[in-house]
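The following questions and answers examine a protein model from its strands to its interior. Please consult the sequence and structure as each point is raised.

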Amino acid sequence: MLKIKRVPTVVSNFQKEEAEEGARPEGGCGRNCLQKCCILGAKLPLYAFVRASKNAGEKGLLNNDNKEPHVAFLDSLLLGEWEDRMQRGLFRYDVTACETKVIPGEYGFIAQLNEGRHLKKRPTEFRVDKVLQPFDGNKFNFTKVGQEEVLFQFEASDDNEFQFFPNAPIDVENSPSVVAINVSPIEYGHVLLIPRILECLPQRIDKESFLLALYMAAEAGNPYFRLGYNSLGAFATINHLHFQAYYLAVPFPIEKAVTRKITALNGGVKISQLLNYPVRGLVFEGGNTLEDLSNAVSDSCICLQDNNIPYNVLISDSGKRIFLFPQCYAEKQALGEVSPELLDTQVNPAVWEISGHMVLKRKEDYEGASEENAWRLLAEVSLSEERFEEVKALIFEAVSCGDDDRSGGVPKSLLEDPDASAPLALEEVDALNKGGGSRRAMVAGEQQCLVLH
């Protein structure tokens, strides 16, 4: 059994150390939570979206010429509710006061000094060699959060009409999906999407939940709003199904990375491979419908978790572009294969760090931030070229079978567009990672405000 010690992120004001959890008093827990003791008769705002019959276009997911556009409504609702919770003092610190800058260099890695995320918490052991673990109701989970931390319910409309109800009953029987604040935010508008919260699903992707996350990205319709997912073993610390999301008003480095197309599926989904980036990964985009794109990615995620391979996912471009990263940093850490220098930074390379937003906990690391340092850390996250090719073969087999089952046809050939003149290959990237090449240390540049107001 492989374990690592890390300081757990506090995502709710009602989150406690497991050892402090005691017996719940009869007649309610006093938290106004989402469990049976408090949920009877509770009401929350409800955002009901329309299931789309086609994929998001340039005008947004819901493009109905006969009705006024409302794509921006989710954006304003989320930010308005989030700022209300900020005014009510529900966050552990003011994230808008955190220093943030773009690191000079080709990639434009983003560095943030966030000293408040891990203070006053002791390191906890986390098992990192098992991606799928059963839900444990005795540990902290999102049914234990206070209702004041929940912004709204997020559900598909029953009558194919967009609707918003400011005070809707919680349908306990059908287990609503909800959007809640993260009380230890990384950026402005940092929230959690918790699918079917009352079902107490463990942290594992399923088709329905992943499609829900894509709908949220598409409904927001804001390119600066991204959703992320961390599996167990890839720095998820709460084994209750959830996605994270926040706003950052600059492109992530991963969004600017060079890619090479390697296959296309019958549903119109294109799969590419990242090039010239320290973490090996795949990019999914296109699709005749949003569900086509969702199925391709969820099939891939299910394949990875069924094969016990930790991974991270970034949902970008309003749900039109998705990055998938198998990773091995926590495993290397447990095996003692990560340098003390990197471990001392206490940076946990989850989806945001892999995407190029480096959340740093020490002033010295922030002041000395450089593209070389970011590259060195992320290179430890990546699978080796040989292992990545093995994992990629597993993914393609799973995606091709799923695509074939849905379409009744034969998927287009893999490795469809080999390009001998493609940019720097990943084995050459490895050589740079080992200290060769021209990547020199860079002095951190002028600080820039990246908070979206």
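**Strand pairing, cores and a buried glutamine**

Q: Which residue of strand 4 does Val102 stand opposite?
A: The model is a predicted one. Strand 3 covers residues 100-102, and strand 4 covers residues 110-113. The two strands run antiparallel and are joined by three bridges. Within this pairing, the residue of strand 4 opposite Val102 is Ile110.

Q: Why is one side of strand 3 and of strand 17 left without a neighbour in the sheet?
A: Three strands form an open sheet with mixed pairing, in the order 3-4-17. Strand 3 and strand 17 (357-360) therefore each have one side without a neighbour, since each stands at an edge with a single partner strand.

Q: What is the average twist from one strand to the next?
A: The sheet in question is the open one with the order 3-4-17. From one of its strands to the next, the twist averages 20°.

Q: Which helix gives the most residues to the largest nonpolar core?
A: The largest nonpolar core holds 66 residues, of which Phe154, Met216, Leu227 and Phe284 touch the most other members. One helix contributes nine residues, the most given to this core. That element spans residues 207-220 and is helix 3.

Q: How many residues are in the second, separate core?
A: This core is separate from the one that contains Phe284. Among its members are Leu113, Ile254, Tyr329 and Leu360. The size of the second core is 41 residues.

Q: Is Gln203 buried or exposed?
A: Gln203 lies in the loop between strand 9 (191-194) and helix 3. Leaving aside neighbours within four places in sequence, Gln203 is in contact with residues including Val131, Tyr229, Leu232 and Ile238. Its relative accessible area is 2%, and a residue under 20% counts as buried. Gln203 is therefore buried.

Q: Which residue has its backbone nitrogen 2.9 Å from a polar atom of the side chain of Gln203?
A: The contacts of Gln203 beyond four places in sequence include Asn239, His240, Leu241 and His242. The backbone nitrogen that lies 2.9 Å from a polar atom of the Gln203 side chain belongs to His242.

Q: What percentage of the residues in the protein is buried?
A: The protein has eleven helices and 17 strands. Its accessible surface comes to about 19,200 Å², and carbon and sulfur atoms account for 48% of that surface. Of the 453 residues, the buried share is 57%.

Terms used. Residues numbered from 1 in each chain as written. Predicted model: local features only at pLDDT ≥ 70, side-chain atom pairs only at ≥ 80, totals over all residues. Heavy atoms only, no water. Pairing = 2+ DSSP bridges. Helix = DSSP H or I, 4+ residues; strand = E, 2+ residues; numbered from the N terminus. Axes fitted to C-alpha atoms, helices over the stretch in contact; angles between N-to-C directions. Core = buried A, V, L, I, M, F, W, Y, C linked by side-chain atoms within 4.5 Å. Buried < 20%, exposed > 50% of the residue type's maximum accessible area, 1.4 Å probe, protein only. Areas by Shrake-Rupley, 256 points an atom, 1.4 Å probe, with all protein chains shown as cover. Polar contact = N/O pair within 3.5 Å; in protein donor to acceptor, adjacent residues only side chain to side chain. Contact = heavy atoms within 4.5 Å.
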